[in-house]
Every structure is written in C-alpha cells, then in structure tokens.
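Me: I would like to go through the contacts in this model by question and answer. Please give the cut-offs along with the values.

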Amino acid sequence: MKATDFEYRHQTLVHQFIVAAAFLTYLVDREDIVWRFVKDSSAPRGFERLLFIVATVFIVVGAAICTSARVCRRPESAIGMEACRHLHRSRYFGDLLYAIGLASLFPLWGFIILVASETLRVFRLIQGEDPRTRNLLSHMLPTALPLIPPAAQEFHSGWGKAFRQETVKWGLFLTMVVFVITLKDRVAEVLAAASFLIGLLLNAPILRSLGASP
C-alpha cells in the first residue's frame, strides 16, 4: 500500500485530481452535504452556519499545520533531523483536516470521494515516507554546525515561501469565513475559484524562479 514515486513527487497534482473528481459530482447533485442533512431541521440556517463554522476550523487548523511543516529549516544535527522528520509528517495530518473541511462544500458523493481518497493518499504516503524522508534529510545535514544563527530575513523568507505554497488553503479559509457570514453559494464559488487561480499563479514555475533569484 505504499505510494508510487509519481504520487510522492507530485502530491499536489494528485490532490488536485481528487478535488476535481469530487467537484464533478456537482453535475449530478447541486446540494452540498451540509444542506442535505439540515434542510429539514427546525432551524436549517442556524445548523448550516454551525456546521460550516466547524468546517472552517478544520480548514484553518489544516492550513496552519501544513504551513508550519513547510518551514522546516536545514537540520543542524541528528536530533534536528528527527524533529524535522516529525514536523514533515504532520503535514499529512494537516492535509487530511483540510480535506474534511473542504469536503463540506461538496455533495454527498463528492464528500465521500474527497475524504476517502485523501485518507487513502495520506495513508499510502506515510507507508513509504520514512525511508524517503530519512534519505532526503540526511543529505540536508551540514558537515559542520553553523557558527552564526540564521538571519531574521532568512527566517521570514521561509515563512513567506510556506504561505505562498499554501495560498490555496489560506484562500479557502477566507472563503469559508465569508461564506459562514453570508451563506451565499455564489460568493463561495467565486472566492474559491479566485483562491485556486491565485495559488496557481503564485506557485507557477516561472514565478518561483523569479522569487528564488537574488
């Protein structure tokens, strides 16, 4: 059940395919899973807002975990390497929390496809992650400990890069905040599409190379 090399090297692409498959369920069912289960309740709008608040919490916690995991610095010792490895693995848990929150916007079958597929993807990655990560991080270990601590500018650039890489997640968080307030599907659709496009542009290879240049 280990992930293939393609799955490991193209995790974002595989995730996007899964989200696209879940989104396509809108072609046969326009009713999201939350509204499906609250529409016949005594206070449907109240329950809908409450459940979407919970989904928003899942998304922001997942985004925070994934962003923090991407800021793992160059390890300076074997202990640092082990800590970095555990931080790296926490990203999978963040991805899963994010997927559950995002799935609340989809119809029933879209929810099932997204959560089940992301759970399987994460499980497969974890199964084959340890030896890969040890090998990767072992090459990151310096031959000698640095005499000067990393500059503040380097620290901030690491966080900036991490936020850029997780632009879509943070954009979806803002989308959910607005949606919880308005409960208007069209607003959520427009903001979600904008988040995806902005994330795609910010992480385009040409822009990454420009950002990396001195």
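Me: How many salt bridges does a search of the whole structure find?

Reply: This is a predicted model, in which local features need pLDDT of at least 70 and side-chain atom pairs count only at pLDDT 80 or more, while totals for chains, interfaces and linings use all residues. Residues are numbered from 1 along each chain as its sequence is written, and side-chain values use heavy atoms, with hydrogens and water left out. A salt bridge requires a side-chain nitrogen of Lys or Arg within 4 Å of a carboxyl oxygen of Asp or Glu. With that rule, the search of the whole structure returns a count of 11.

Me: How many helices does the protein have?

Reply: Helices (H or I, at least four residues) and strands (E, at least two) are DSSP runs, numbered from the N terminus. The number of strands is zero. The pattern along the sequence reads α-α-α-α-α-α-α-α-α-α, and the helix count is 10.

Me: How many residues apart in sequence are the parts that Arg70 and Glu166 tie together?

Reply: Arg70 and Glu166 form a salt bridge whose closest N and O atoms are 2.5 Å apart. Arg70 belongs to helix H4 and Glu166 to the loop between H7 and H8, so the parts tied together have a sequence separation of 96 residues.

Me: Does Glu166 count as buried or exposed?

Reply: Relative accessible area decides this (buried under 20%, exposed over 50%, partly exposed in between; 1.4 Å probe, protein chains only). Its partner Arg70 has 26% and is partly exposed. Glu166 has 2% relative accessibility and therefore counts as buried.

Me: Over the face of which residue does Lys169 lie?

Reply: Lys169 also has a salt bridge with Asp95, with 3.4 Å between the closest N and O atoms. That pair links distant parts of the chain, Lys169 being in helix H8 and Asp95 in helix H5, 74 residues apart, and both residues are buried. A charge sits over a ring if NZ of Lys or CZ of Arg is within 6 Å of the ring centre and within 35 degrees of the ring normal. At 4.9 Å from the ring centre, Lys169 lies over the face of Tyr98.

Me: Which residues do salt bridges that share partners join into one network?

Reply: A further bridge is that of Arg121 with Glu118, where the closest N and O atoms are 2.8 Å apart. These two are three residues apart in helix H6, so about one helical turn separates them. Arg121 and Glu118 are both buried. The network formed through shared partners consists of Arg70, Asp95, Glu118, Arg121, Glu166 and Lys169.

Me: How many aromatic pairs are there?

Reply: Rings of Phe, Tyr and Trp (its six-membered ring) pair if their centres lie within 6.5 Å; planes under 30 degrees apart are stacked, over 60 edge-to-face and the rest tilted. The number of aromatic pairs under this rule is six.

Me: Are Phe52 and Phe179 buried or exposed?

Reply: Phe52 and Phe179 make an edge-to-face pair, at 4.8 Å centre to centre with 80° between the planes. Phe52 is in helix H4 (residues 44-70) and Phe179 in helix H8 (residues 167-182), so the pair ties together parts 127 residues apart in sequence. As for accessibility, both are buried.

Me: Which residues do ring pairs link into a cluster?

Reply: Trp159 and Phe163 lie four residues apart in helix H7 (residues 152-165), so their separation is about one helical turn. Trp159 is partly exposed at 27% relative accessible area, and Phe163 is likewise partly exposed at 38%. The cluster linked by ring pairs is Trp159, Phe163, Trp170 and Phe173.

Me: Which element gives the largest share of the largest nonpolar core?

Reply: A nonpolar core is a set of buried Ala, Val, Leu, Ile, Met, Phe, Trp, Tyr and Cys residues joined through side-chain atoms within 4.5 Å. The largest one has 25 residues, and those with the most contacts inside it include Phe52, Leu102, Met176 and Phe179. Two or more residues each come from H2, H3, H4, helix H5 (78-103), helix H6 (108-140) and H8. The largest share is five residues, from H8.

Me: What percentage of the 214 residues is buried?

Reply: Among residues that are not buried is Leu27, which counts as exposed at 73% relative accessibility. Leu27 is placed in the loop between helix H2 (11-23) and helix H3 (33-38). Of the 214 residues in the protein, the buried part is 35%.
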